[in-house]
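Here is a short briefing to read with the model open beside you. Please keep the viewer at hand as you go.

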Amino acid sequence: MSTREEIAAAAQLACLLEASAPKPGNVSPGIAFHDTRYEDFLASAAAIAPAFLDAGAQPIGESIRRAIEDTRRWTGANTNLGIVLLLAPLARAAHASSPKSLRDRVREVISATTVSDAAAVYSAIRIARPGGLGAVAEGDVAASPSVTLAAAMELASNRDDIAREYVTGYARTFAVGAPALAKARASGLDWPDAIVECYLALLADSPDTLISRKLGPDAAKEVRARAAEVRAAGGMRTNSGRRAVASFDLELRDARNSRNPGTTADITAAAVFVELLNGGWNGGWER
């Protein structure tokens with residue numbers, strides 16, 4: 001079991017590493033959106049420390065709400081809602097004293113969520129004001145929840161990959177993202193390149209639901225297909241692959257960032273956190 005300081009530091013480091021990697025279509029060093037700079041992501045990573053220091057001693061809804069409230073004091077943009085939603089259950093699971101795997105523990109954390117957790121998360125979502133949510137007939141965050149956080153995520157799982165991670169026990173984080181990242185690191189890629197490889201693997205695996213909400217499912221499927229082509233060209237492992245990554249990045253950029261695979265970037269951060277907890281930085285803590 002890791003200490004509270006190690007878990008909080010790993011959560012912050014996961015945010016910093018993910019933001020610093022030059023992922024196609026995303027903010028990275030020297031590349032901004034019209035409303036968000038790289039420095040906003042650095043400030044957001046710093047801001048979550050208090051909430052994640054207490055992740056083992058408070059409900060996950062409270063961890064999420066606190067982290068987003070603290071982030072809002074540093075930036076007016078939604079830089080990390082999806083990341084915080086994914087990292088908070090993982091952090092609480094990392095605190096648990098149990099011989100079970102991290103994935104099994106995070107399943108238990110999610111299954112134990114309450115209506116109060118859902119209310120705290122709904123509050124966090126309203127504070128962050130993410131784009132592309134729209135309104136839904138059941139489980140709309142503008143209203144007070146009447147179900148647990150796990151049940152609320154199940155209601156949203158057909159339209160949002162972060163909600164689907166809650167429902168599936170973080171299937172894509174553990175089965176796609178973390179293995180791709182570990183493989184890339186084992187092959188000698190540095191952290192930025194390995195994170196891009198992880199991101200491409202996730203994007204090629206499933207259409208990004210943020211793009212789907214903004215532009216429709218066909219646009220998201222096109223981006224997924226292009227990610228698969230870029231991986232087949234070599235990704236960050238070959239010169240031709242790097243050229244393909246650069247071209248893909250240009251294709252995804254427009255004035256309003258409508259083709260930003262933001263949900264995939266969030267799951268990438270979760271995969272980085274898992275890799276750090278599993279010893280990916282220096283021999284590690286989780287076993």
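The notes below go from the whole chain to its aromatic rings and then to one lysine.

This is a predicted model, in which local features need pLDDT of at least 70 and side-chain atom pairs count only at pLDDT 80 or more, while totals for chains, interfaces and linings use all residues. Residues are numbered from 1 along each chain as its sequence is written, and side-chain values use heavy atoms, with hydrogens and water left out.

**Overall fold**

- You will find 15 helices and zero strands in the chain; these are DSSP runs numbered from the N terminus, with helices being H or I of at least four residues and strands E of at least two.
- The radius of gyration is 18 Å, which agrees with the value near 19 Å for a compact globule of 287 residues; it is taken over C-alpha atoms, and the globule rule is 2.2 Å times the number of residues to the power 0.38.
- Along the principal axes, the C-alpha trace spans about 50 × 45 × 30 Å.
- Of the contacts (heavy atoms within 4.5 Å) between residues at least 6 apart in sequence, 70% join residues at least 24 apart.

**Surface and burial**

- Buried residues account for 55% of the 287; buried means under 20% relative accessible area, exposed over 50%, and partly exposed in between, with a 1.4 Å probe and protein chains only.
- About 11,700 Å² of the chain is exposed, and carbon and sulfur atoms supply 53% of that area; the areas come from the Shrake-Rupley method with a 1.4 Å probe.

**Aromatic rings**

- The structure has three aromatic pairs; rings of Phe, Tyr and Trp (its six-membered ring) pair if their centres lie within 6.5 Å, and planes under 30 degrees apart count as stacked, over 60 as edge-to-face and the rest as tilted.
- One of them joins Y166 and Y170, a tilted pair with 6.2 Å centre to centre and 35 degrees between the planes.
- Both Y166 and Y170 are buried, and together with F174 they form one aromatic cluster.
- W191 and W281 also make a tilted pair, because their ring centres are 5.7 Å apart and their planes stand at 35 degrees.
- W191 sits in helix α11 (residues 191-205) and W281 in the segment after α15 (262-277), so this pair ties together parts 90 residues apart in sequence.
- W191 is buried at 9% relative accessibility, whereas W281 is partly exposed at 48%.

**Around K214**

- K214 belongs to helix α12 (residues 209-215) and is partly exposed, at 35% relative accessibility.
- Beyond its neighbours within four places in sequence, K214 is in contact with N257 and S258.
- From K214 to N260 the C-alpha to C-alpha distance is 9.7 Å, with their positions 46 residues apart in sequence.
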